[in-house]
Each structure stands twice: as C-alpha cells, then as structure tokens.
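The exercises below are meant to be worked with the sequence and the structure open side by side. Each one sets a task and is followed by a solution in steps.

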Amino acid sequence: MKKALVIIPNLLIMGLILAFIVGYANSKAKESDRSVIDAYEKMTLTVDQIIANYLEDEQHLCDIWSNYVNRSAEAGTPMTAEEAISYIRKAKISPEISGHLIFMDDPERSGISTTEKTGQSGDYRVSYKNVSIFENLDSVSDVDGVVNITRAYTNPMNGIQSIAFMNYVQVLDPETGNLRTGLLMRVVPISILEQKLVFLKGEYENVEISIIDQDGDYVIRGKSLKNSNFFEYYRSYNDVSIEEYERVKREIIGGAGSMTIQNSKGEDCLISYTPFETLRVWCLLAYIPKDDLVESRVVDWLLLGVVSLGLLGLLIFNFVTLMIYNRKLAEAAEEARQANEAKSYFLSTMSHDIRTPMNAILGLNEMVLRDSQDEAILGYSENIRTAGNTLLGLINDILDFSKIEAGKMEIVTVDYSFVSVLNDLVNMVQKKTEDKGLVFHLDIDSGIPSILHGDEIRIKQVITNILTNAVKYTKEGSVTFSAGYEKILDKTDAVLLKISVADTGIGIKSEDMNRLFQAFERIEEKRNRNIEGTGLGMTIAQSFLVKMGSHLQVKSVYGEGSVFSFDLEQKVVKWDPVGDYEEAFRLSLKERQCYREKFTAPLANVLVVDDTPVNLTVFSSLLSRTKIQIDTAESGDEAIALYKNTHYDAVFLDHMMPDKDGIETLAEMRGLKGTPNDATPVICLTANAISGMREMYINAGFDDYMTKPIDPDRLEGILLQYLPEEKVVPAAEVPEEEPDSALPESILHLEAIDAGTGLRHCGSAEAYMETLKKYLDTATKNADDIEGFWAAKDVKNTTIKVHALKSTSRIIGALALGDFAARLEKAGDEGDTDTLERELPKLIAQYRKLAEDLAPLQVPADPEGEDARPVISDERLKETYGEISEACAGFDFDRVEQIAKTLEKYRIPEEEAERVEAILKAVDNFDYEMIPGLITGEE
Amino acid sequence: MKKRFSIILCISLVVSLVACGAKEPVKTEGGFAPALDTNTECSITVAGNYDNFEALEAEFDRFNEIYPNVQLSYVKLDDYSNILGTVLEGADGPDIFFSYASMSGNEKYDAVFAHAEDLSDAALGLDLDCLRPGLINHDGEGRVMMVPVFSRSYGMLVNNDLFEKEGLSVPATWTELLNVCEEFRKRGYTSPMMGYSQGSSSCFMYTVAYPLFVAGLAKDPEALALANDLDAAAGEYMRPALEAVEQLIQSGCIDLSACDQIEDNYTQVILRFFEGDVPMMICAGDTVSGTKKRESQSEAFTAAPFKYTFAPIPLTEEGGYFIDSPSVEFSVNKDGDHVDMTNEFMRFLITDSELKEMASVKRLVTPTRDLSFDAVYAPFGQVPADRTISPEVLGITDPLTVQIRIAAYQVGKGEITVDDAVTMYGTFE
C-alpha cells in the first residue's frame with residue numbers, strides 16, 4: 001500500500017510533467033509551425049508577385065510587338081504578316097522565345113513563326129488546329145496591365161512546353177489588300193519561367209511551384225504533383241468527401257492560404273496557394289513536403305526524451321529507496337506483530353491467571369456473605385467483594401481496551417428491560433455513594449419505554465463507568481443520575497435515550513478536557529493518585545458510544561463539578577412506561593433482603609468440570625440453595641465417564657485443564673453417540689475474557705460461555721435458560737418458609753427476640769437456631785468477661801465486648817438488647833464511664849435474662865449421639881501442629897490440607913477446640929498464610 | 001504484482017522513448033535486381049497524349065524506391081500524333097513515348113520509329129513473355145518497337161447485384177441477351193442496355209459492331225484484305241454487325257433517347273451506370289478503367305454500392321468475343337540522354353507484377369497473360385482462345401475501324417439504313 005502511495009504520485013507527477021512538456025512542446029511547435037507556414041505563405045506571395053511581374057513584363061513585351069504592328073496599321077502603312085514576323089524576329093532578343101502570328105479565322109489556325117520547325121529547315125508555318133489553348137480567347141484584351149496568356153502547351157514548332165502571351169494585331173492581307181486580324185503570340189518556354197524561381201532553392205530546397213487555372217488544370221506543374229488537374233490529384237490521394245472536395249476547390253480558387261494534403265506517397269505536404277493579382281484566372285501553388293518545414297520539432301522531442309529519462313531515473317531511485325525502507329518497515333512490522341502477539345498472549349495469560357483465583361476469592365466470599373451472621377465478618381466480606389469487584393473492573397477495563405484496539409469489539413443487541421438496567425446501576429452506585437457519604441439523586445423519566453432493544457451490557461458498562469467516575473472524583477455533595485427520553489420524529493419504533501450524570505466533584509480544567517478520552521491518561525495525576533483506576537474508563541465509554549452511534553459530552557467547571565451526558569438511539573420493543581422508578585427503588589431498598597435464590601430445581605442434575613477443586617466447591621456452594629444435584633469432575637476423562645452414563649440437564653466445562661482441555665473433552669463428548677446427554681447443553685467455563693474468545697468457544701461447539709470469576713446471578717440466569725422448564729420451580733413458587741414453622745415455641749414467644757428479623761439475618765431457620773445456640777453458648781462467658789473488664793475499669797475491652805454483644809444480639813433479633821448495647825458502646829467510645837457505671841449492670845442483667853430464656857435450646861447431648869471419636873493427646877496435637885507449620889513453611893499446602901484433615905478424626909480438647917476450628921477454616925478458605933500464626937497464637 | 005506493474009511501466013516508457021527516434025524500415029524491391037548504380041542521378045521523361053497518367057506516376061514512385069535520384073516525369077504533348085515527330089527531333093526529346101499499333105506501318109510515323117529502340121533485344125532484358133502474345137507487334141523486320149502497357153477490349157459493364165435481385169442470369173448467348181432484356185423491360189427497366197451515343201467515338205454502336213465485324217473478317221482473309229483496302233465490296237461483311245446494332249435498338253434492349261442523355265463517353269457513362277438501375281452498360285475497356293476512381297465520386301454508388309463486372313457482349317449463340325487490342329504502348333527513344341536508365345526503367349516496368357500493379361491502380365486492362373487478378377475483368381479471362389481475336393495480329397488497320405465505327409453509329413442513330421451503310425463502305429470519314 002505504501003509502495004503504491006509513493007509510486008502512483010510519482011507516476012502521476014511524471015505523467016503530468018511529460019504531458020506538460022508534450023503540451024508545451026506541441027504548443028511551441030504549433031507556434032513554430034504556424035510561423036514557418038506564415039513565412040512560407042509570404043514566400044508564396046512573393047513568388048506570386050515575381051511571377052506576376054514576369055508575366056506582366058512578358059505581356060508588356062508582347063504588347064510592344066503588337067503595338068508596333070498596330071501603329072503601322074493605324075498609320076496607314078499596315079505590315080503584312082511576313083513583315084510583322086520579320087520585325088518580331090529582329091525585336092526579340094532571346095533565341096528561346098519565339099513569336100507566332102496566326103489567324104483565328106483560318107480553319108487550320110495557321111500562321112507564321114519567327115523560328116523554323118524543328119527538323120524541317122526553312123519551314124516557318126505554324127498551325128494550332130489541334131492545340132486547344134484558346135478557350136479564353138474572348139478575354140484577350142489590349143488594355144495595359146492585362147495579361148493574356150495561354151496554359152502550358154506543346155509548341156507545335158519545336159515540341160517544347162511553353163506558354164504564350166497574346167494580343168491582336170492588324171496586318172495587311174496581301175491577297176485582298178485588306179487588313180486582317182491576327183493573333184500575335186509571344187511563345188516562352190516554361191523552363192524560362194522555372195528559372196525565375198531558382199532563387200527559392202536556397203531557402204526551400206524541395207519547393208515546387210505550380211500554376212493552375214480555375215478548373216485546376218495545370219499551367220505549370222511541379223514534378224511531385226500528379227494528374228493533369230490539381231483537384232483530381234487531390235481527390236486521388238486524399239480520402240475526402242465530395243463536400244470537402246468542393247470546399248477545397250472553392251478555397252484554393254477563392255483566395256490565399258495554405259493547407260496540408262497527402263501526396264501520392266501518402267506523405268504530408270503543405271500547399272500554399274494564392275491567386276495572381278493581375279491574372280485572376282490563374283492560381284499559384286507552392287508545394288513542399290511538410291517535414292521540410294517542421295524539422296525544428298526534433299529539438300522538442302530531444303527535450304522530452306531527456307526529461308523523461310530524468311524522471312524515469314528519479315522513479316527508479318524512489319522505487320529502490322522505497323524498497324529498502326519498506327524492507328526495514330516490514331521487519332519492524334514483523335517485530336511489532338510479534339510484540340503484539342506477545343501482548344495478546346500476556347493478556348490472555350493474565351486474564352486466566354488472575355480470574356482463576358478471583359473466582360475462588362469472590363465465590364467463597366459470596367458464600368461468606370450468605371452464611372456468616374457475624375457483622376464484622378460480613379463487613380470484611382463486603383469489603384472483599386468491593387475490592388474484588390474493583391480489581392475485576394480494572395482487568396475488564398484492560399481487556400475491553402484490548403478488544404477495542406484489536407477492532408474486535410462487537411455490539412450485540414438484545415431486548416432488555418430498562419428497569420433492570422436501572423436496578424443494576426442504581427444498586428451499584430447507591431452503595432458506593434453511601435459508603436462515601438454522598439447524596440445520590442435519581443431523576444428517571446417515568447415515560448421511558450420499559451423494554452428496549454440494544455446492547456444492554458455495553459450501555460450498562462458506559463453508565464457504570466461514568467457513575468463510578470463521578471463517585472470517585474466527588475469528595476462531598478451529591479451524584480445525580482438522570483435518564484430521560486425523546487421521541488424521534490421520523491422513526492416510530494425508536495426513542496432517543498438521554499442519559500446524564502452530574503456530580504459536585506472536583507471538576508475538570510478546560511485544558512484537560514482533551515485528555516479526558518485518551519487511553520491511560522489520568523487527569524491531575526498527583527492530586528488523584530489515591531484514586532483507583534487505569535485511566536481507561538472514559539476512553540472505553542467513548543469508544544462504546546461511538547460504536548453505538550453516539551458520543552459522550554462533558555460540561556465541567558473546575559472545582560464545582562461535572563456533567564457527563566450522551567444521547568443514544570434505542571429501538572422500542574414495548575412502549576409501557578417504566579413508571580415512578582424513584583419510588584419503586586426506595587421501596588426496594590426497604591425490602592432489600594439477603595441473597596435469595598431465583599429458583600430451585602431439586603430434580604435437575606448438573607455436571608461441573610474443573611481441574612481446580614476449590615472452583616468446584618465454589619460452583620457447588622453458589623448453587624446449594626437451588627437444590628440442584630451437582631456432580632463434579634476434576635478432569636476431562638472423569639467428565640466423559642460421567643457424561644456417558646448419567647443424564648445431565650447441563651454441563652459446565654472448564655477450558656484450561658491439564659491433559660485434556662475443555663475443547664478436546666467437548667469434542668470427544670460430542671463424538672459419542674447414544675449417550676444420555678446427546679442433547680445436553682455444554683457451557684464453557686473460562687477465565688479467558690479477551691476479545692474473540694466468545695466466537696472461538698461457540699465455533700468449538702459450546703452452547704454458551706461463562707467467565708470466571710463466576711457471577712452468581714449470571715450463573716443462575718444461565719441455568720434458568722438451559723434447565724428444562726418442568727424441573728425449575730421459580731423462587732416465587734417456593735413455599736415461603738414460615739418464620740416460625742421450624743422454630744421452637746419458646747423462641748417465638750420471647751418478647752426480647754424478634755424471630756422474623758433473626759431469620760432474615762440468618763437466611764434459614766436452621767441457621768437461625770444454630771446462631772441462637774452459639775449465642776447462648778457464649779452468653780455466660782461474655783457476660784462474665786464484660787463484668788470482669790468493667791470491674792478492672794478496662795473501658796476499651798469493655799466497649800469491644802459491648803460492641804460484639806450489639807452485633808450478635810441484632811443478628812438473632814434481640815433488637816432491644818442490641819440497641820441498648822449500641823448506646824453503651826457509644827458511651828464507651830466516648831469515655832462516658834458514668835453511663836457505663838449506671839447502665840452496664842442493667843445490660844448484663846438483660847443479657848443474662850435472655851440467656852436464661854434461651855436455655856431450653858441447650859439440649860443435653862444424646863448419649864447415643866455422643867462423639868465417639870478418640871480425644872487427641874497433647875503430644876499428638878503438638879506433633880500435628882508442628883507438621884502443619886513445617887508444611888506451611890515449605891508452601892506445601894496440599895500437605896497442610898491433608899494433615900489438617902487428620903484432626904477431624906479426633907475429639908479436640910475444649911481449650912484447643914477454637915484453635916483447631918480456626919485452622920480448619922483457614923485451610924478451607926485457602927488462608928494458609930494465617931495458619932502459622934494461629935498455631936503460635938500470635939493471631 | 002505492483003512491482004511487476006511498475007517494471008512493465010518503466011520498460012514501456014523507455015521503449016516508447018526509444019521508438020520516438022526510430023526510423024521506418026526502408027522498403028526493398030524483392031523481385032527486381034537493379035543493374036545500374038542506384039545512386040545515379042538523371043531525369044527521364046515519358047511523353048504521351050493522356051491528360052494524366054497516375055498509374056504510371058505510381059510506378060515512378062516505386063522505381064524511385066530503388067533509384068531515388070532518378071527524376072521521372074510524365075508530360076502530355078498537345079496534338080500528339082503530329083508533334084511527336086517534331087519533339088523527337090528536338091534536343092529535349094522524351095526518353096519514352098506513347099506509341100500505338102495504328103502507327104506501325106504508317107509512313108507518317110516512320111520518323112518517329114526511327115528514334116525507337118528495338119525492345120526485343122535480349123540485352124535489354126525485358127520480360128516480353130509476360131505479355132499476351134497477340135498484343136506484341138513485330139514489324140516487318142521482326143523488331144518490337146513498342147510494348148503494350150495496357151490493353152483494351154469491348155464489352156459491357158454488368159450490374160451483377162441487379163441481376164441477382166431480379167432473379168435473372170447474366171446472358172451468355174444472343175438469345176439469352178434478348179430474353180433477359182425483355183424480362184428487364186417487363187419489370188420496368190426502360191433501357192436494359194445503355195451506352196454512349198452522342199458521338200461516334202466510343203459509342204455503343206461501335207462497341208457492339210466492331211467485335212462482330214472483326215470476327216467475320218478473321219474467318220475470311222480475302223474479306224479482310226478488301227476491308228483494309230476500303231473496298232466497297234467489303235461493306236457486306238459489316239451487315240451482321242450493323243443488324244445486331246439495329247436489332248438491339250429496335251427490340252427495345254436499348255432506349256436510344258435514354259442513351260442520348262449521357263453527355264460524354266467516359267465519366268458520364270460510368271456515373272450513369274453507378275446510378276444502379278442499368279443492368280448492362282455497353283462500353284470499352286478504357287471506360288471501365290475509370291470506374292474504380294469514380295465509385296467514391298458517385299453519391300448513388302456510395303449510398304448503395306453493388307457488385308459489377310465487365311463481360312463480353314454475347315453477340316452470337318456461342319457467346320461473345322474477346323477483342324484483345326493493345327491500348328497504350330511504350331517506345332524508347334534510343335537517342336535519349338539517359339537511354340541506359342530508360343531501359344532499366346522499362347526492364348522494371350515490363351514485368352507481370354508491375355504491369356498488373358499499374359493496371360490495378362486505375363483498373364486498366366493488363367496486357368499480361370493472367371487476367372484473373374481483377375474480378376471485374378475476370379469474365380474476359382474465361383473466353384476461350386478461339387473466340388479471342390487480336391486485331392493487330394490479324395492486321396486490322398485503322399481506316400477499317402473508322403468505317404465500321406461511323407457506319408454503326410449512323411445506323412444506330414437511324415441516319416442511314418444497314419443497306420446504305422453496306423454500300424457506303426470505304427466512304428465514311
């Protein structure tokens with residue numbers, strides 16, 4: 001392409017220069033030709049004048065002869081013909097010129113010549129009977145200056161081609177004695193006339209002069225002109241129409257000029273013509289080969305040739321230079337391509353390597369969020385989720401950018417619920433604004449159609465980026481999210497969504513506006529260094545919008561805030577308005593509950609394949625409440641074995657596995673015929689999220705594709721899509737577990753406890769009861785501890801313990817006790833010992849009272865159900881601790897897990913039970929680095 | 001691909017530049033080997049009575065390709081037959097001059113032939129064998145003082161397309177001729193045959209009568225002798241020829257009044273034929289020579305061209321005659337200034353190829369043996385030898401031809417009867 005970019009302009013420039021030179025040379029040549037032709041035409045006029053003068057002179061001499069003869073007659077002494085000829089014989093000087101006196105009234109047109117007939121000595125008789133030269137005899141005049149001339153003819157006396165000048169004379173007829181009119185002819189050989197033109201040979205070597213009469217018959221003919229008639233000659237050798245032929249005839253006879261004709265050899269010749277001034281019946285033709293006149297053009301061709309060669313040389317030089325540079329560029333491009341491949345490989349690897357552990361982190365964290373009732377842990381877990389999601393966001397930003405760079409970003413349009421998009425966005429940003437103490441305003445036009453058609457994911461991503469940015473860069477004040485719409489005049493099935501996000505943040509300087517959409521650019525880097533981000537958010541948002549036919553607009557006042565907005569055309573699927581979204585959202589906030597599964601499907605059977613056991617655990621855990629039966633396999637072969645024999649409603653298959661990867665496994669599965677899973681959808685599980693992956697998996701035969709870390713909502717969504725309808729029971733249809741149905745009567749009647757709140761916090765009755773038991777188990781000790789600390793005036797630890805009491809009480813629904821503890825915690829924090837002194841005993845009393853009320857829950861151990869495991873000895877326990885510490889030090893976590901599990905075979909003494917439980921939990925959570933601390937008691 | 005394109009472009013540019021300075025290849029004459037120095041400079045003049053002689057001038061150009069410095073020119077002499085002798089006597093006599101069979105044996109031209117060279121001289125190297133033998137005139141001493149460059153004949157131009165259009169065949173016998181004329185007349189052609197009739201020279205009556213008369217004389221040497229002597233007794237031998245003329249007119253084959261509208265015996269005859277509505281135009285071969293040039297001058301022919309040929313008039317039930325006469329002949333002035341180069345030119349010209357070339361330029365009848373090269377004359381090539389007559393070989397003299405010409409003209413015009421004409425033989429002038 002670059003070669004062509006250089007070569008084509010070069011050739012064009014060459015062509016233009018050559019065209020200019022040719023044009024210029026031609027124009028100059030034409031000028032030169034014109035001037036040469038003009039000179040030639042002038043020469044013709046000169047010749048015309050010379051010949052005319054000569055003819056006039058000859059005629060004048062003829063007239064002198066005739067006048068002399070006629071004066072004699074007028075004087076009454078007319079000459080006889082013999083006397084007249086005798087006089088002329090004496091008067092004429094040139095021997096080549098002769099005089100003929102003939103009588104036209106004689107049928108033989110005979111007379112006397114001044115010279116004798118060739119070969120017949122003494123014979124002076126002449127006859128013009130058979131010589132047709134007297135057609136214009138009537139015009140013969142004796143007026144001075146009028147030339148009376150014949151055409152060239154054969155002199156009957158000597159056979160020489162001649163012309164004759166004529167005048168009438170009166171001579172005496174000796175027989176009758178009367179005057180007789182004779183025609184006196186001054187006969188001049190053509191060669192004499194030709195000699196007059198010899199001077200032309202110097203300037204025009206090949207010029208040929210011809211004289212024609214009005215019919216085109218030659219009077220004098222140049223040797224190159226053929227035929228006896230010039231016009232016939234012209235027609236014979238020039239392919240012209242009859243009209244053109246007539247035009248040429250008129251032109252030549254009518255006036256002076258020049259024209260190019262072809263001679264008998266097909267060569268171009270120039271004929272210059274002009275009529276004789278004094279002899280209008282004749283016309284002078286000057287013939288010359290055209291090459292004789294236009295030789296000077298050779299110079300132009302030389303110039304053209306030299307310039308052409310020069311340009312050609314330049315082109316070759318350019319071409320060679322270009323080839324050298326192109327070779328270097330090609331090498332550089334190859335290096336760049338390899339580097340890009342390396343980058344792609346890195347991105348792919350990074351994607352996989354980061355997402356794989358992220359799956360574990362976020363998946364397990366989700367389980368913590370679902371299962372834990374400890375507020376502190378829930379808080380930590382929430383932070384993990386936030387940080388994890390932030391990290392995922394960063395990775396996703398980089399991957400999206402790489403997709404955009406590679407030109408593989410696709411817009412995938414689907415029907416979507418605008419309310420659903422709003423829910424996701426508002427849920428996300430509301431939490432962030434709350435965390436940051438910002439006010440979040442919503443301004444949603446109630447008329448926006450509820451179901452639209454567009455790329456839901458990208459729209460959500462764009463708005464998320466804008467909202468996230470707004471929150472990030474706003475320290476105080478508010479973030480306002482507005483969504484409106486306009487109907488489009490000429491489109492009845494679409495609306496223009498008008499989205500804007502206004503914040504009261506730091507704003508953007510006008511000089512920074514241009515950098516806003518540049519990749520990896522972070523405005524005011526120093527000031528915002530503690531704000532997370534890759535600097536890609538706005539670039540990606542802008543790219544997505546451009547891809548969707550819109551663009552992001554920014555208005556900002558530095559220090560006051562910014563407004564980011566865009567208008568986006570979306571097709572309308574359902575015109576039902578979204579209604580008062582703000583109110584609906586407020587209600588939903590109030591009713592927000594813990595995670596709740598979307599459906600249950602106890603009869604459904606799903607196979608999940610992943611070489612990482614923890615991922616299998618996460619997967620199973622995330623779906624535990626759906627009651628789906630889940631089989632797991634850690635390798636392709638294991639999966640194939642299950643696939644052959646057991647029917648599954650869906651198979652989730654990891655891509656990157658050792659030995660046999662997901663694609664190979666799928667190919668083998670699909671190759672099997674007659675299995676119970678011929679129609680079973682197989683969904684790819686992968687940590688690869690770079691561009692082009694989706695197409696690759698679908699092309700490889702997968703029915704769908706799901707990235708890790710697994711998004712619980714998407715996982716349930718994808719199952720809803722693929723599980724048979726008859727096996728799915730929607731969440732609404734799951735019989736609401738009565739809050740008290742599984743709870744003992746004693747609990748339900750306790751005034752101090754709101755069982756409903758406890759159940760909501762804990763998710764299930766079973767979990768609630770378990771929590772209550774734990775609460776009860778620790779109540780006495782905690783009460784004692786609080787009293788002990790207070791007694792020791794240890795306000796700090798007293799406050800910590802009160803804080804824990806607040807949390808645990810609220811979880812179990814002991815809201816009054818929790819609130820009481822909260823007041824005292826605040827007092828503790830504020831160092832208000834008086835209040836503590838006054839109120840703490842009451843709190844302890846209520847706490848102990850509640851414990852007493854819950855005492856029935858502490859059922860004595862069933863002797864038959866008593867733990868039959870042997871109690872581990874101190875030595876064995878120490879030895880095990882040592883082995884675990886050693887394995888931890890050697891990062892041999894498999895061995896750590898293996899050793900830790902051996903502890904489950906023993907009953908653990910009460911004083912070590914908590915430590916062992918913590919160690920086992922750490923193993924389950926892959927928190928291997930905590931274990932040495934737990935063993936040494938440093939944590 | 002782009003690289004190749006660029007290279008091709010560069011090469012073509014270079015080639016085109018080089019080509020700018022290239023000369024055209026010099027033409028060479030393959031069949032003729034020059035015997036003289038090709039750089040010889042001289043002037044050669046051919047004198048004749050033709051107003052123009054473009055076919056010969058084309059040969060000059062061809063000869064100049066071999067001898068570029070030889071200046072050849074043709075000059076027309078006024079009052080040719082009378083001036084020729086004078087011209088040859090002069091200092092600047094022509095190197096080649098026109099001569100005619102009728103001059104041979106005529107005392108008037110003895111002086112002329114005194115200047116002529118014997119062209120049968122083997123030293124000259126002329127290819128006389130390429131000529132039809134009947135066209136070569138040997139004098140009493142067996143010399144060849146003139147060689148034909150064209151020949152003439154008598155016949156009719158046939159509009160073949162018109163015959164085809166009317167579904168008729170070109171007649172091959174006298175009966176067929178009369179019948180086909182009748183057929184044309186029925187179809188609205190008022191004069192199926194036409195020809196020049198305003199003057200006796202080249203009139204259609206002569207063209208019809210002459211071949212029949214000569215054919216008759218060819219069979220009877222005594223009659224020929226009488227006829228050449230302009231003996232009135234020979235008048236009877238004209239009768240069949242004159243009756244044929246009369247029959248063509250009286251039977252309606254020829255509408256005399258239509259023919260009288262043709263103003264001259266050459267161009268107008270051709271242009272009338274090119275109008276396209278004349279099935280057969282009676283004329284001499286000399287007239288046919290003007291057809292090629294006048295095709296483009298005829299608006300009617302240009303608008304609706306048609307195929308035509310020149311064929312013998314089928315004057316007998318056996319067909320027509322090919323009267324094969326030399327038209328123009330060339331003699332070489334042995335007293336010319338450049339007789340060697342003149343003979344070189346004659347050696348160049350008198351060959352099968354050059355004579356054909358010259359004949360084809362103006363569609364003249366070639367004197368060479370092969371007539372088939374020009375489709376227009378092809379029908380004459382098919383006439384059997386026994387119906388081919390060379391009047392010059394036979395010994396037909398010019399006065400004899402005058403008798404039959406005038407007699408046929410006057411009979412045709414209705415000025416005299418056939419009987420009158422028969423009795424008037426020898427008196428026509």
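**Exercise 1.** In this predicted model, find the residues that are in contact with Leu355(B) once its neighbours within four places in sequence are left aside, and decide whether Leu355(B) is buried or exposed.

*Solution.* With those sequence neighbours set aside, the contacts of Leu355(B) are Cys130(B), Val149(B), Ile350(B), Thr366(B), Pro367(B) and Thr368(B). Next, place the residue in its element: Leu355(B) belongs to helix α16 of chain B, which spans residues 352-362. To settle the burial, count the other C-beta atoms within 10 Å, of which there are 25; the cut-off for a buried residue is 20 or more, and Leu355(B) is therefore buried. As a last step, consider Leu131(B), which is 224 residues away along the chain, although the two C-alpha atoms are separated by 9.3 Å.

**Exercise 2.** Trace the open sheet of five strands in chain B, stating the strand order and the sense in which the strands pair.

*Solution.* The order of the strands is β2-β1-β3-β12-β4 in chain B, and the pairing is mixed. The edges are formed by β2 (70-76) and β4 (147-148) of chain B, each of which pairs on one side only. Working inward from β2(B), one finds that it runs parallel to β1 (residues 42-48) of chain B, to which seven bridges join it, and that Ala47(B) has Val75(B) as its bridge partner in β2(B). The step from β1(B) to β3(B) is also parallel, with two bridges, and here Val46(B) has Ile96(B) as its bridge partner in β3(B). Between β3(B) and β12 (residues 329-332) of chain B the sense is antiparallel, over four bridges, with Ser331(B) as the partner of Phe97(B) in β12(B).

Then examine what surrounds these strands. Strand β3 of chain B (residues 96-99) is covered on both faces, since Ile96(B) and Phe98(B) on one side are buried, as are Phe97(B) and Ser99(B) on the other. Helix α2 of chain B (residues 54-64) lies across β1 and β2 of chain B, and runs at about 170° to β2(B).

**Exercise 3.** Locate the largest nonpolar core and explain where it lies with respect to domain 1 and domain 2 of chain B.

*Solution.* This core has 129 residues, and those with the most contacts inside it are Ala209(B), Val245(B) and Ala408(B). Helix α7 of chain B (residues 204-219) contributes the largest share, ten residues. Because domain 1 (42-145 + 328-362) and domain 2 (152-325 + 378-424) of chain B both give residues to this core, it lies between them. Val245(B) offers a local view: beyond its neighbours within four places in sequence, it is in contact with Met205(B), Val208(B), Ala209(B), Ala408(B), Val411(B) and Gly412(B). Another core, of 64 residues, lies apart from this one and includes Val47(A), Trp65(A), Ile85(A) and Ile112(A).

**Exercise 4.** Describe the contact between the chains, asking how many residues each supplies and which element of chain A gives the most.

*Solution.* Chain A supplies 34 residues to the contact and chain B supplies 31 residues. On the side of chain A, at least two residues come from each of α1 (2-74), β4 (153-154), α5 (230-237) and α8 (297-371), and α8(A) gives the most, with eight residues. Sorted by character, the residues on this side of chain A comprise 14 nonpolar, 14 polar and six charged.

How values were computed:
Residues are numbered from 1 along each chain as its sequence is written. Chains are lettered from A and ligands numbered from 1 in the order in which they are written. This is a predicted model: local features need pLDDT of at least 70, side-chain atom pairs count only at pLDDT 80 or more; totals for chains, interfaces and linings use all residues. Two strands pair if DSSP finds at least two bridges between them. Two residues are in contact if their C-beta atoms, placed from the backbone, lie within 7 Å. Axes are lines fitted to C-alpha atoms, for helices over the stretch in contact, and angles run from 0 to 180 degrees between N-to-C directions. A nonpolar core is a set of buried Ala, Val, Leu, Ile, Met, Phe, Trp, Tyr and Cys residues joined through C-beta atoms within 7 Å. A residue is buried if 20 or more other C-beta atoms lie within 10 Å of its own, exposed if 12 or fewer, and partly exposed in between; C-beta atoms are placed from the backbone. Domain bounds come from an automatic or database domain assignment. Ala, Val, Leu, Ile, Met, Phe, Trp, Tyr, Cys and Pro count as nonpolar, Asp, Glu, Lys and Arg as charged, and the others, Gly among them, as polar.
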